[in-house]
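Student: I'd like to learn how to read a protein model, one feature at a time. Can we go through it together?

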Amino acid sequence: MGLNFLTSLAKRTTIQHSKRCFISKNSISRIWTESKSYSKNFNTNTVTKIPSFSFSLLFRKSYSSSSSSSAKTQVGFLAWYLGALEARPIITKSISSAVIYAASDVTSQMIMMSPSDSLDIIRTLRMASFGLLILGTAQHHWFNFVAMVLPKRDTISTLKKLSMGQLGFGPVINSIFFSFNAALQGENGGEIVARLKRDLLPTMMNGLMYWPLCDFLTYKVIPVHLQPLANSAFAYAWTIYLTYMASSKKAIAA
């Protein structure tokens, strides 16, 4: 009986041990499978999310850096120009006028030329030399004179300045412009006078449709030391027409 009891106890112990091992193996297998699945999901999420975040962050940093660099460049150029305008006002205004007149003439030629034509560099140099030698200095003295005579910026004062420009500065500077360019083209005194009779009045009449608004904004809004630059900037579109007129055929002297 004792032997039978020991044998039965041994079998029971063996069976319980086998069950515990089976349960333990199943638990380990389940834990391993779940951890592997979690690891896979974690890696997938990591792969898909981190590069996207990094790219967008890099893009924002790059865009912010380029925008900041562009803004600094613009501010730096403006500061340099204002400094040059204060230190050497006439030279700076003259060079600005020369550049704008040259650009206007190139634009005018490109609009009028045929595909087989080429740019007339001599003509462009004539227009640039007018801005450099005459217009920049004339604008400097004119706008300073007007600001001294009429220092206020109210509407009545602005309209008075506008009238002075249309009746005084405009006809004089346009006459000089046509005469200067005609002389550089080799025209004599009689031909220059004939050109002025033919071209000056139509030019002034056409100018009445463009310049009064430009002058009003210039006198009303723009500081005096920047008015020549504003005037030259407005003159860009006008000079496309003006350079075309100045380069037209000679007028027949009476």
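## Reading the model step by step

Tutor: Let's begin with one residue: Asp199 has a relative accessible area of 4% and is buried. Keep in mind as we go that this model is predicted.

Student: How do I tell what counts as buried, and what counts as exposed?

Tutor: You compare the relative accessible area with two cut-offs: under 20% is buried, over 50% is exposed, and the range in between is partly exposed. Asp199, at 4%, is under 20%, so Asp199 is buried. Now try Arg198: its relative accessible area is 35%, which lies between the cut-offs, so Arg198 is partly exposed. For the whole chain, 30% of the 254 residues count as buried.

Student: And how many helices and strands does the chain have?

Tutor: There are 7 helices and 0 strands. If you follow the sequence along, you get the pattern α-α-α-α-α-α-α.

Student: Back to Arg198 and Asp199. What joins their side chains?

Tutor: A salt bridge, with 2.8 Å from N to O. The idea is to look for a side-chain nitrogen of Lys or Arg within 4 Å of a carboxyl oxygen of Asp or Glu; 2.8 Å is within that limit, so the pair counts. The chain has 4 salt bridges by this rule. Another one joins Glu187 to Arg195, where the closest N and O atoms are 2.6 Å apart. Both Glu187 and Arg195 are buried.

Student: Which residues are linked in a network of salt bridges?

Tutor: Glu187, Arg195, Arg198 and Asp199. So when you've found one salt bridge, check whether its partners take part in others.

Student: What about Arg123: which residue forms a salt bridge with Arg123?

Tutor: That's Asp105, and the closest N and O atoms of the pair are 2.5 Å apart. Here distant parts of the chain are linked: Arg123 sits in helix α3, Asp105 sits in helix α2, and the two are 18 residues apart. Try your cut-off again: Arg123 has 12% relative accessible area and Asp105 has 0%, so Arg123 is buried and Asp105 is buried.

Student: Let's move on to rings. How many aromatic pairs are there?

Tutor: The count comes to 10 aromatic pairs. Take Phe130 and Phe177: their ring centres are 4.9 Å apart and their planes are at 75°, so this pair is edge-to-face. The step you need is that planes over 60 degrees apart count as edge-to-face. This pair also links distant parts of the chain, with Phe130 in helix α3 (residues 121–149) and Phe177 in helix α4 (residues 155–184), 47 residues apart. Phe130 and Phe177 are both buried.

Student: How do Tyr210 and Trp211 compare with that cut-off?

Tutor: Tyr210 and Trp211 are edge-to-face, with 80° between the planes and 5.4 Å from centre to centre. Their exposure takes two readings: Tyr210 has 26% relative accessibility and is partly exposed, while Trp211, at 13%, is buried.

Student: Which residues do ring pairs link into a cluster?

Tutor: Tyr101, Phe130, Phe177, Phe178 and Phe180. You've already met Phe130 and Phe177 as an edge-to-face pair.

Student: What can I look for on the surface?

Tutor: Try a nonpolar patch. Ile91, Ile95, Val99, Leu132 and Leu133 form one, with about 480 Å² of accessible area together. Two elements, α2 (89–112) and α3, each give two or more residues to this patch. The largest share, 3 residues, comes from α2. Leu132 is found in helix α3, and with 39% relative accessibility Leu132 counts as partly exposed.

Student: And how would I find empty space inside?

Tutor: You roll a probe the size of a water molecule over the atoms, and that shows where empty space is left. A search of the whole structure finds 1 cavity of 30 Å³ or more, and the volume of the largest cavity is about 310 Å³.

Student: Which residues lie nearest the centre of the largest cavity?

Tutor: Phe169, Gly170, Ile173, Asn174 and Trp211, out of the 23 residues that line the largest cavity. Two or more lining residues come from each of α3, α4, α5 (189–207), α6 (211–221) and α7 (227–246). Helix α4 gives the most, with 7 residues. Notice Trp211 here again: you met Trp211 in the aromatic pair with Tyr210.

Methods:
Residues are numbered from 1 along each chain as its sequence is written. This is a predicted model: local features need pLDDT of at least 70, side-chain atom pairs count only at pLDDT 80 or more; totals for chains, interfaces and linings use all residues. Side-chain values use heavy atoms; hydrogens and water are left out. Rings of Phe, Tyr and Trp (its six-membered ring) pair if their centres lie within 6.5 Å; planes under 30 degrees apart count as stacked, over 60 as edge-to-face and the rest as tilted. Helices (H or I, at least four residues) and strands (E, at least two) are DSSP runs, numbered from the N terminus. Buried means under 20% relative accessible area, exposed over 50%, partly exposed in between (1.4 Å probe, protein chains only). Patches are made of residues with over 30% relative accessible area and no salt bridge: like charges are joined within 9 Å, nonpolar side chains (Val, Leu, Ile, Met, Phe, Trp, Tyr) within 5 Å. Accessible areas come from the Shrake-Rupley method with a 1.4 Å probe; for residues, only the protein chains shown count as cover. On a 1 Å grid over the protein atoms alone, a cavity is a set of points where a 1.4 Å probe fits but cannot get out, and a pocket is an open set with protein on both sides within 12 Å along at least five of seven lines; lining residues have an atom within 4 Å of a point. Grid points are joined across faces, edges and corners, and a volume is the space filled by probe spheres set on the points.
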